[in-house]
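Please work through the exercises that follow with the sequence and the structure open beside you. Try each task on your own before you read its solution.

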Amino acid sequence: MSSLALAHTRYLLLEQVRVPIGLIAGALFPAISMVAFVVPFAGQDPRAATMATGSLMFFGAMSGALIGLSITVAQDREQPWSPYLRTLPAGPAAHFTGRILATLVTTVTSAVPVLVVGALFTEATFTAPQLLAGLGVLVAGTVPFMLLGLLIGYLTAAKGAIAVSQILFFPLAILGGLLLPPAILPDFIQVVSPFTPTRGVAELLWAVMAQTTPDPVALVSLAVWTVLAALAAGWAYRRDEGRRFS
Amino acid sequence: MTVLARAHEVTRRYGQVLALDRLSLDIGAGELVGLLGPNGAGKSTLINLFAGLRRPTSGTVELFGGSPLDPVMRRGIGVTPQETGLPESLRVKEIVDFVSAHFRERAGRKELLARFGLDDLAGRQVGGLSGGQRRRLAVALAFAGRPRLVFLDEPTTGLDVEARHALWDGIRSFHEDGGTVLLTSHYLEEIEALAQRVVVIGSGRVLADDTVRAVRDLVGVRRVSLVAGDLPELPGVLGSERVDGRTTLVTTDPDRLVVELVRSGTPFSGLEIRPTTLEEAFLALTTKESAHV
């Protein structure tokens, strides 16, 4: 990684660490969902509980990536510091890398309470290597959603980013089978589900944590989503000229 | 002379607003150019185009012979951020290091902070700095990458006299070492102290591009204001406006104007003569209204 990307990561992490409330808030929501929905309904079935732990871990990570990042980017764009940064000799790559790495810290942090609840209060079982592989998938699988978050953040004002990211977030989570297992979803959702980016990540997570066989269609569409989101985010960064009034 | 930055027939619109109107301007290596004009004249838009922040609606903008949108070209420039936007939670040294990381050639942090009188503040968070200290940090950041060309947009606004003179010394020494500067300011005094060439822009166009002396003569005008009915034709009037029954005339020769006014026998009251501010002078120069009221 270039030293410039490292400088951006360091700068964003410093800002994040000095206002730590965002980290804590992001970590609580998925853990609460875990206690409210998984523990009473799927807590006794080891396989279902393990899959749900993986899903909710990703649910939290995705919220930080899609909603959190898009709002942060849109808000930062409204500050006069943002146009100054664009005059510095750097393209989108260094800044995006910094954003993604700094957000991954939030991602991993938000996964910890879910794992703790899963391990202590359900029959979810996973070995240390499975857990590590799961975290690896989590980290990699969050990247396309961060790229989508960047895209929204560069296209909309802060208030718009809140609305657009939330409108995308819940359908993507439900269609991808994060909140309810895909097997019990209605037929039409089962048809659409493999084409959402969420399903691809979920398939990978279930595969490494609960030994299921991943659906190839979902994996291919995840790869396509990632490439498209990266291209679109780069385009949105370049066309951005800061906040505009007419 | 090598041209470092060039705008050729540049037009920039924001919706219905025309910020730059087919403006052309070359900035040569080693020049210290003052850019003057009233608010909304297009100064900031021009700097934003040179810094790669915005694209022209039509026309071309070049930086070191390339496009300002190319990050490689921007390695040679320095820009001041607005001091109100500096990230508050970061420490002074962290911001300097972050900005420096973008450049191949870097000014040493210690030396840079010392040059702008910030050496004691390296460990302070920006949120704890005074307005003047933030302003100096913002200007220092323009020099972090050992630029060949710096854009200083109102560099001393909000500074006290001592800090302003210290900053002028810093800009002068950068220029004496071969650096090129494009400076905007509301203060004629500042432009006089620093610049050799002055470019006056108004309504998005270059109104004057000359030496400091020539432009100073151009703006050496006075405002004569009085309450009167219809005025006769008066000599040397560059512009006039009438607000709430009070007429204001902008003239190069207030003495002759008053003599002529008295001679004409027109009744008037409440005569005032005062120097114009730069902004008023430019507004008068750009006003298309006739001298008759």
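**Exercise 1: A pair within one helix**

With a relative accessibility of 29%, B:E260 counts as partly exposed. Keep in mind throughout that this is a predicted model.

Task: Find out which residue B:E260 meets in a salt bridge, and where the two residues lie.

Solution: Begin with the partner, which is B:R263, the side chains of the two residues meeting in a salt bridge of 3.4 Å from N to O. Next, place the pair: both residues belong to helix α9 (residues 254-264) of chain B, and because they are 3 residues apart there, about one helical turn separates them. Finally, look at the accessibility of the partner, where B:R263 has a value of 66% and therefore counts as exposed, since the cut-off is over 50%.

**Exercise 2: Pairs that link two elements**

Task: For the salt bridge between A:D76 and A:R99, and then for the one between B:R223 and B:E241, work out which elements are tied together.

Solution: In the first pair, the closest N and O atoms of A:D76 and A:R99 are 2.9 Å apart. A:D76 lies in helix α3 (residues 46-77) of chain A, while A:R99 lies in helix α5 (residues 92-121) of the chain, so the salt bridge ties together parts that are 23 residues apart in sequence. A:D76 is partly exposed at 26% relative accessible area, whereas A:R99, at 7%, counts as buried.

In the second pair, the closest N and O atoms of B:R223 and B:E241 are 3.9 Å apart. Here the elements are strands of chain B, with B:R223 in β10 (residues 222-228) and B:E241 in β11 (residues 237-243), so the parts tied together are 18 residues apart in sequence. B:R223 is buried, with a relative accessible area of 10%, but B:E241 is partly exposed at 42%. Over all chains the structure holds 19 salt bridges, and elsewhere A:R77, A:R86 and A:D240 are linked in a network of them.

**Exercise 3: Where the two chains meet**

Task: Describe the interface between chain A and chain B, asking how many residues are in contact and how much area is buried.

Solution: Count the residues to begin with: 26 residues of chain A are in contact with 31 residues of chain B. Then turn to the area, for the chains bury about 2500 Å² between them, of which 63% is on carbon and sulfur atoms. Of the area that chain A buries against chain B, 27% is supplied by A:W81, A:P89 and A:E241, more than by any other three residues.

Now consider the specific pairs, which include 1 salt bridge between the chains and 8 residue pairs in polar contact. A:R18 forms a salt bridge with B:E94, with the closest N and O atoms 2.9 Å apart. As for the elements, α1(A) gives the most to the side of chain A that touches chain B, namely 8 residues. By class, that side has 13 nonpolar, 4 polar and 9 charged residues.

**Exercise 4: The nonpolar cores**

Task: Which residues have the most contacts inside the largest nonpolar core?

Solution: The largest nonpolar core has 84 residues, and those with the most contacts inside it are A:W81 and B:V99. Leaving aside neighbours within four places in sequence, B:V99 is in contact with A:W81, A:Y84, A:L88, B:L141 and B:A144. Apart from this core lies another, of 52 residues, including A:V117 and A:M146.

**Exercise 5: Two residues in strands of chain B**

Task: Decide whether B:T184 and B:R197 are buried or exposed, and find a polar partner for each.

Solution: The cut-off for buried is under 20% relative accessible area. B:T184, which lies in strand β7 (residues 180-184), has a value of 0% and is therefore buried. A polar atom of the side chain of B:T184 lies 3.0 Å from the backbone nitrogen of B:E154.

B:R197 is found in strand β8 (residues 197-202), and with 15% this residue too is buried. The side chain of B:R197 makes a polar contact of 2.9 Å with the side chain of B:D209.

Conventions
Residues are numbered from 1 along each chain as its sequence is written. Chains are lettered from A and ligands numbered from 1 in the order in which they are written. This is a predicted model: local features need pLDDT of at least 70, side-chain atom pairs count only at pLDDT 80 or more; totals for chains, interfaces and linings use all residues. Side-chain values use heavy atoms; hydrogens and water are left out. A nonpolar core is a set of buried Ala, Val, Leu, Ile, Met, Phe, Trp, Tyr and Cys residues joined through side-chain atoms within 4.5 Å. Buried means under 20% relative accessible area, exposed over 50%, partly exposed in between (1.4 Å probe, protein chains only). Contact means heavy atoms within 4.5 Å. Buried area is the accessible area (1.4 Å probe) that two parts lose on being put together, summed over both. A salt bridge is a side-chain nitrogen of Lys or Arg within 4 Å of a carboxyl oxygen of Asp or Glu. A polar contact is a pair of N or O atoms within 3.5 Å; within protein, one must be able to donate a hydrogen and the other to accept it, and residues adjacent in sequence count only if both atoms are side-chain atoms. Helices (H or I, at least four residues) and strands (E, at least two) are DSSP runs, numbered from the N terminus. Ala, Val, Leu, Ile, Met, Phe, Trp, Tyr, Cys and Pro count as nonpolar, Asp, Glu, Lys and Arg as charged, and the others, Gly among them, as polar.
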